[in-house]
Amino acid sequence: MSLLSVRNLTVRLGREADAPAILDNISLDVDPGETVGLVGESGSGKSTLGMSVLRLTPPNLAAGTTGEIFWRGEDILKMPAKSLHKLRGGEISMILQDPMASLNPVFSVGSQLKEALRRAGKPDLAKAAEAALAEVNIPSPAERLRAYPHQMSGGMRQRVVSAIGLAQDPALIICDEPTTALDATIQYQFLDLLRELQRAHHMAMLFVTHDFGVVARICDRVAVMYAGRIVETGPVREIFRNPQHPYTRALLAAVPSTSHALDRLPMIEGAPPSVGARPEGCAFHPRCPLAIDKCRMQPATETLRPGHTVACWRAREEVA
Amino acid sequence: MTAILSAHGLGRAFRVRKGHLHALTDVNLDCEPGRSLGVVGESGCGKTTLNRLLLLLDAPTTGEVRFKGKSLATLTAPERKAYRKSVQPVFQNPYSSLNPRLRVRRIIREPLAAATDMSRREIDARVDEVLEAVGLSARDGDRVPAEFSGGQRQRIAIARALASKPELMLLDEPVSSQDISIRAQILNVLKDLRAEYGLATLFVSHDLATVRFMCDEVIVIYLGRVVERGPAAKICTAPDHPYTRALLAAALPADPDAPPADVPPRGELPSPMNPPSGCPYHTRCPFSRDVCATARPPLEPTGDGAVACHMTHAEDW
């Protein structure tokens, strides 16, 4: 059984049935120990999906949420407040983009870490906190416990956030662009650390990012999002080697590479639609080089081979 | 070929409570017509200080910048005006670099009216021309920035820079806040414009893949010093300096089967307030030896570039 199973999740901007949908009929599974990447451009809904899992969306979105999100078989959307409170930061924790916003600037790193460890019921808090900082490779952990967030670098702060996230030994960690604010060399080291921690704790990860380099490095499976829908999912190798949705193909082609110089980058004309102005049918059709009349209707999500699904009228044609 | 803009031993130190912070030390570079020079480094390496010096927003404490052979420090007021017309910036964030209350036409027209003696009619014609050159239409001139997406706003910023017919564009991370599909559009526009107008560009970036696409030559800066320079093809595939190799490893390829990095990055940038002795990179360098902590290697020419590393001298390293 999947650890996390999202079924037909739709998130609208308000309760009305015709309110614009930020997420439209999303289904996604995360198995124990695996890393699933959610990749897409800004406004695709990938962060909203990450937030919805813990019901952290603002009230107007929460009111417009329909569908089911099963955690070990229990629907998070119907969970009583007390169980939800226990789940947040307990079995499911989060790492967000800006560690300075996640940490409280007026408390020392140690006191914030101990707060999480206390919830986990650790007996010797001082010792546990030191061990937690050591586990995320922070040098001289005993001293750093007394430091305040502003006294640390961005990379170190993000390590502290991870240590807090790991305090209660979660089974799933939702990472929302955790390395976007970091320099490339720091990002590299942080991704390595996340992989180590994941292995050591046997955690699953739901990893929201816009960067295909990060996806290639850290994910087992990927879901590509466009305008609130998942347009393609598959094992990471399959998505990179054999992308079927024209959007996935175009995005991958538009990423410059260090290894060869192109004269021009293949590009997608236009810009992603805003939430209120999404085209009918396949939302990508106005920008799609392969669009035909049929694309004005929403294509069903088809399974091309086990684990690889795509929502595109043309993809199936080409396979057939 | 004569450089439009060149830096000679350029340095900028800031006075701080405990002494001096050397943001930039002994930087030499040349911007030549039609060529694109990349400047690469992590945050805090001095990229922004360099940009400010080149834009006359700050003055160097050592060395000088020359515009067509003449030191910027000695420019007369009219010459400074001509300089600003010839050297135009495009900044990272088009949400903060465009005045939200002005129509696009006015955003582009204002610097033209200040820097040139063109007539109103000539200016209007030029505004239409540059809007079309960046893939927008003359009609877009009557709209305000809020009506445009991030990618379109960056095109407006490029159009504004282009309007005074500059010889050099200073591009400071112009695509790093943009989505992938938009990034490709902007980079292509910049490349086309460069070819069409024979523009020189200085392209500041932290991303080696973008630099490979945009630049002919690259300088790599670490803690305010140039540690390596060379053709983009070499810097982005087979660099010599261990720092450049770490940067290259950190530029994650969009390929799940990419071979593991030979020199993975490690450690963090030391405080520029208290830079390491000897080679500034020795605290993070996997090849570091005793000599690296005591003597700073000079930037020495290699085949087609230059590198500042002791390792390049020792056969047995």
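This is a tour of a predicted model, moving from chain B as a whole to the core, the contact between the chains and a sheet in chain A.

**Chain B, whole**

Select chain B and colour by secondary structure: 10 helices and 12 strands should appear. Its radius of gyration is 21 Å, and the globule rule gives 20 Å for 317 residues, so chain B is as compact as a globular protein of that length. Turn the chain along its principal axes, and the C-alpha atoms fill a box of roughly 70 × 50 × 40 Å.

Colouring by burial is a useful next view, since 49% of the 317 residues of chain B count as buried. If you draw the contacts in chain B with a separation of 6 or more, 64% of them link residues 24 or more positions apart.

**The nonpolar core**

Now show both chains and select A:Leu113, A:Leu172, A:Val231, B:Leu168 and B:Val220. These residues have the most contacts inside the largest nonpolar core, which has 179 residues. Helix H6 of chain B, residues 180-197, gives the largest share of this core, with eight residues.

Centre on A:Val231. Leaving out residues up to four places away in sequence, its contacts include A:Val224, A:Met225 and A:Tyr226. A:His245, A:Tyr247 and A:Thr248 are also among the residues that A:Val231 touches, as are A:Phe284, A:Val310, A:Ala311 and A:Cys312.

**Where chain B meets chain A**

Select the residues of each chain that contact the other: 38 in chain B and 35 in chain A. On the chain B side, the elements that give two or more residues are H6, helix H7 (208-214) and helix H9 (242-250). Which of the elements gives the largest share of that side? H6(B) does, with eight residues. Colour the chain B side by residue class, and it divides into 22 nonpolar, nine polar and seven charged residues.

**A sheet in chain A**

Hide chain B and look for an open sheet of four strands in chain A. The strand order is S2-S1-S4-S5, and the pairing is antiparallel. Strand S2 (21-30) and strand S5 (74-75) of chain A stand at the edges with a single partner strand each, so one side of each is left without a neighbour in the sheet. Strands of a sheet pair through backbone hydrogen bonds, which can be displayed here.

Last, zoom in on strand S1, residues 4-12 of chain A. Six bridges join S1 to S2(A), and the two run antiparallel. Pick A:Leu4 to see the register: A:Val30 in S2(A) stands opposite.

How values were computed
Residues numbered from 1 in each chain as written. Chains lettered and ligands numbered in written order. Predicted model: local features only at pLDDT ≥ 70, side-chain atom pairs only at ≥ 80, totals over all residues. Rg over C-alpha atoms; globule rule 2.2 N^0.38 Å. Buried ≥ 20, exposed ≤ 12 C-beta atoms within 10 Å, placed from the backbone. Contact = placed C-beta atoms within 7 Å. Core = buried A, V, L, I, M, F, W, Y, C linked by C-beta atoms within 7 Å. Pairing = 2+ DSSP bridges. Nonpolar A, V, L, I, M, F, W, Y, C, P; charged D, E, K, R; others polar.
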